[in-house]
Amino acid sequence: MIQLGEYTFQIADTDALREALHRLRYQVYVEEYGFEKAADHPDGLEKDALDSHAIPLVALDRKGRVVGTARLIRRSPLGFPALGFADADKRAAYEAPAR
């Protein structure tokens with residue numbers, strides 16, 4: 001756990017923190033930016049195949065609310081997402097579906 005100013009950064013090591021981070025990702029990627037369809041996430045949680053290969057991190061405000069997320073993606077059969085963007089054949093696996 002790291003405290004920087006008014007924020008605490010830590011690994012999302014509980015079910016409650018992981019649910020809160022997936023809910024925040026939904027708010028950002030579905031509701032705010034429209035990168036993904038709400039119908040693809042009926043539970044209001046944005047998840048993907050890389051989650052099982054990642055270390056989830058959260059930023060908490062002074063009240064303990066999740067206000068930011070990041071993840072460290074480990075080596076996996078899925079590869080590293082940024083490399084997929086450089087390879088046109090792999091890019092489609094990481095692109096949001098057409099709206």
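Reader: Which strand is V67 found in?
Author: Good place to start, and do keep in mind that this is a predicted model. The element to look for covers residues 66-73. V67 is found there, in strand 4.

Reader: Is V67 buried, partly exposed or exposed?
Author: The relative accessibility of V67 is 43%. Buried would need a value under 20%, and exposed a value over 50%. V67 therefore counts as partly exposed.

Reader: What is the area of the nonpolar surface patch that V67 helps to make?
Author: V67 shares this patch with I2, L4, Y7 and F9. Strand 1 (2-4) and strand 2 (7-11) are the elements that give two or more residues to it. The nonpolar patch has an area of about 450 Å².

Reader: Let's turn to charged pairs. How many salt bridges does the structure hold?
Author: Among them are the pair of R25 with D51, the pair of R71 with D48 and the pair of D61 with R65. In total, the structure holds eight.

Reader: How many residues apart in sequence are the parts that R25 and D51 tie together?
Author: These two form a salt bridge, with their closest N and O atoms 2.8 Å apart. R25 sits in helix 1 (residues 15-32), while D51 belongs to the loop between helix 1 and strand 3 (54-60). The pair therefore ties together parts whose separation in sequence is 26 residues.

Reader: Is R25 buried or exposed?
Author: Its partner in the salt bridge is D51, and D51 counts as partly exposed at 21% relative accessibility. For R25, the relative accessible area is 8%, and the cut-off for this class is under 20%. R25 is therefore buried.

Reader: Which residue of strand 4 forms a salt bridge with D48?
Author: D48 lies in the loop between helix 1 and strand 3, so its bridge to strand 4 ties together parts that are 23 residues apart in sequence. The closest N and O atoms of this pair are 2.9 Å apart. D48 is partly exposed at 31% relative accessibility, and its partner is also partly exposed, at 28%. That partner is R71.

Reader: Which residues are linked with E46 in a network of salt bridges?
Author: You have already met two pairs that belong here: R25 with D51, and R71 with D48. Together with E46, they make up the network. The residues linked with E46 are R25, D48, D51 and R71.

Reader: In the salt bridge of D61 with R65, how far apart are the closest N and O atoms?
Author: D61 counts as buried at 11% relative accessibility, whereas R65 is partly exposed at 47%. The closest N and O atoms of the two are apart by 2.7 Å.

Terms used: Residues numbered from 1 in each chain as written. Predicted model: local features only at pLDDT ≥ 70, side-chain atom pairs only at ≥ 80, totals over all residues. Heavy atoms only, no water. Patch = residues over 30% accessible without salt bridge, like charges linked within 9 Å, V, L, I, M, F, W, Y side chains within 5 Å. Areas by Shrake-Rupley, 256 points an atom, 1.4 Å probe, with all protein chains shown as cover. Salt bridge = Lys/Arg side-chain N within 4 Å of Asp/Glu carboxyl O. Helix = DSSP H or I, 4+ residues; strand = E, 2+ residues; numbered from the N terminus. Buried < 20%, exposed > 50% of the residue type's maximum accessible area, 1.4 Å probe, protein only.
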